[in-house]
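Visitor: Could you take me on a close look at one part of this model, the charged side chains and how they pair up? I'd also like to hear what surrounds them.

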Amino acid sequence: MPQKSRRSFIEQLGLLGGAGAVTSLAGCSGGDGGSGGDGTADSGGTSTSGDGSSGGESQSMLIGSVFPSGHVINEMANSWAETVAEETNDRVSITIEAAFGGESEVMEQTRIGSIDGTIIGTRWVIDYDPENFWVESPFVFENWEQQKRAFQTDYLDDGRQRLREEGNQRLVGPPVYRGYRHTSGNQAYETPEDIEGANLRVPDLSPWVNIWEGIGASPTTVAFDELYSALQQGVVDAQENPAETVSSASLYEVQSHYTLTQHLASTGWFTFNTDTFSSLSDDDQTVLTDTLTESIESLSSDIQESESQAIDELESNGMNIVEPDREAWLSAAQEPLRAQFESTWEPSLEEVRNI
């Protein structure tokens, strides 16, 4: 596809964001790894100490990240920590510890207070709001803006509340946009009929398996670190991941086509131990949440801008970039999605599509 027309197509899908491309997104979109209702700090159940002034004792926080050292989200978090220290006159000191463990591990450490917060994927939805896991499942949304609005609806209020009460932590800031997942294979998947019967590698998430199976593929769960060899040996025919992941894992060496199915945007999240957050003054809470929100929105725009570069790199490495009939894909996904909503999820597919 000529670069100009393909870039126009990407813009139509809403993939491009603000100016300022990220030069290195290694692992940013993640092979497989999830804010308050107002898009900033979680609004319920907060009490603050002190008189709300900018005075008070200094406080140090340790934030455990599931992402590796050098990851773009960690780099943003380190820069944000410097901003917080500066704007609070060093009353609040934040340390970001990279590759601290898996999502369940860092969330448990935050729950018991061993660390003060996390940088994770969407594990909080899986653990505390599984009936609303539609918010990060394939082919539910038309674009990222709709998905982002969904995270801000009251549908997830119960999950946020359970995270506070049972997980002893709160979401702070909006979701980090980590990139769209698309589909690669050794042929184009312009329509769902093209993927019928194909052994498609997906993460071990039953809703995802059900949806892809309903579309007509034969989904297979394979560990990400085994994916390259599985594709090389023909154990699986295809896989779905963001462009940066496909590039960083060199999957272009064993896959010839990359179809822009744009079936899901992956997200990242910051959580804070409720006691730690509540111990901050009102002013310091505001500094922390406002600066984090600004940093997340800036990074998300940069990642959106960089997606086109990652797709260009795949093309330069020999992959054929395919513009699919996305309406046909969305239509094919309707029945398996509706079945998933009726059996497991709330509210309904129609209500979600109207967000």
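Guide: Here is a walk through the salt bridges, followed by the charged surface, the cores and a few backbone oddities. Keep in mind that this is a predicted model.

Let's start with the pairs. Searching the whole structure turns up nine salt bridges. One of them links Arg91 and Asp284, whose closest N and O atoms sit 2.6 Å apart. Arg91 belongs to the loop between α2 and β2 (92-97), while Asp284 is part of helix α11 (residues 282-316), so this pair ties together parts that are 193 residues apart in sequence. Are these two partners buried or exposed? Both Arg91 and Asp284 are buried. In general, side chains of opposite charge can pair when their charged atoms come close.

Now compare a local pair. Glu108 and Arg111 form a salt bridge, with 2.8 Å between the closest N and O atoms. Here the partners are three residues apart in helix α3 (residues 103-112), so about one helical turn separates them. Glu108 counts as partly exposed because its relative accessibility is 33%, and Arg111 is partly exposed too, at 32%.

Another bridge to look at is the one between Arg162 and Glu131, at 2.9 Å from N to O. Arg162 sits in helix α6 and Glu131 in the loop between α4 (123-128) and α5 (144-151), so the pair ties together parts that are 31 residues apart in sequence. With a relative accessibility of 24%, Arg162 counts as partly exposed. There's a third player here: salt bridges with shared partners join Asp129, Glu131 and Arg162 into one network.

Then there are acidic residues that make up a negative surface patch: Glu142, Glu190, Glu193, Asp194, Glu196, Glu323, Asp325 and Glu327. Patch members are residues without a salt bridge. Take Glu190, which you'll find in the loop between β4 (169-185) and β5 (199-202). Its relative accessible area is 42%, so Glu190 is partly exposed.

What about the nonpolar side? The largest nonpolar core has 71 residues, and Ile94, Trp124, Trp134, Phe270 and Phe272 are those with the most contacts inside it. Helix α2 (residues 72-87) supplies the largest share of this core, seven residues. Apart from that core lies another one of 16 residues, including Leu251, Tyr258, Ile311 and Leu314. As a general point, nonpolar side chains in soluble globular proteins tend to be buried together.

Finally, the backbone has a few spots to check while you're zoomed in. Most residues other than glycine have a negative phi, and most peptide bonds are trans. Asn168, a residue other than glycine, has a positive phi near 55 degrees; Asn168 lies in the loop between α6 (157-165) and β4. Ser250 isn't a glycine either, and its phi is positive at about 60 degrees. Look for Ser250 in the loop between α9 (243-248) and β8 (257-273). As for peptide bonds, the one joining Glu346 and Pro347 is cis, with omega at about -5 degrees. Pro347 is in the loop between α12 (326-343) and α13 (349-353).

Terms used:
Residues numbered from 1 in each chain as written. Predicted model: local features only at pLDDT ≥ 70, side-chain atom pairs only at ≥ 80, totals over all residues. Heavy atoms only, no water. Core = buried A, V, L, I, M, F, W, Y, C linked by side-chain atoms within 4.5 Å. Buried < 20%, exposed > 50% of the residue type's maximum accessible area, 1.4 Å probe, protein only. Helix = DSSP H or I, 4+ residues; strand = E, 2+ residues; numbered from the N terminus. Patch = residues over 30% accessible without salt bridge, like charges linked within 9 Å, V, L, I, M, F, W, Y side chains within 5 Å. Areas by Shrake-Rupley, 256 points an atom, 1.4 Å probe, with all protein chains shown as cover. Salt bridge = Lys/Arg side-chain N within 4 Å of Asp/Glu carboxyl O. Lys, Arg positive; Asp, Glu negative; His and termini not counted. Charge placed at Lys NZ, Arg CZ, Asp CG, Glu CD.
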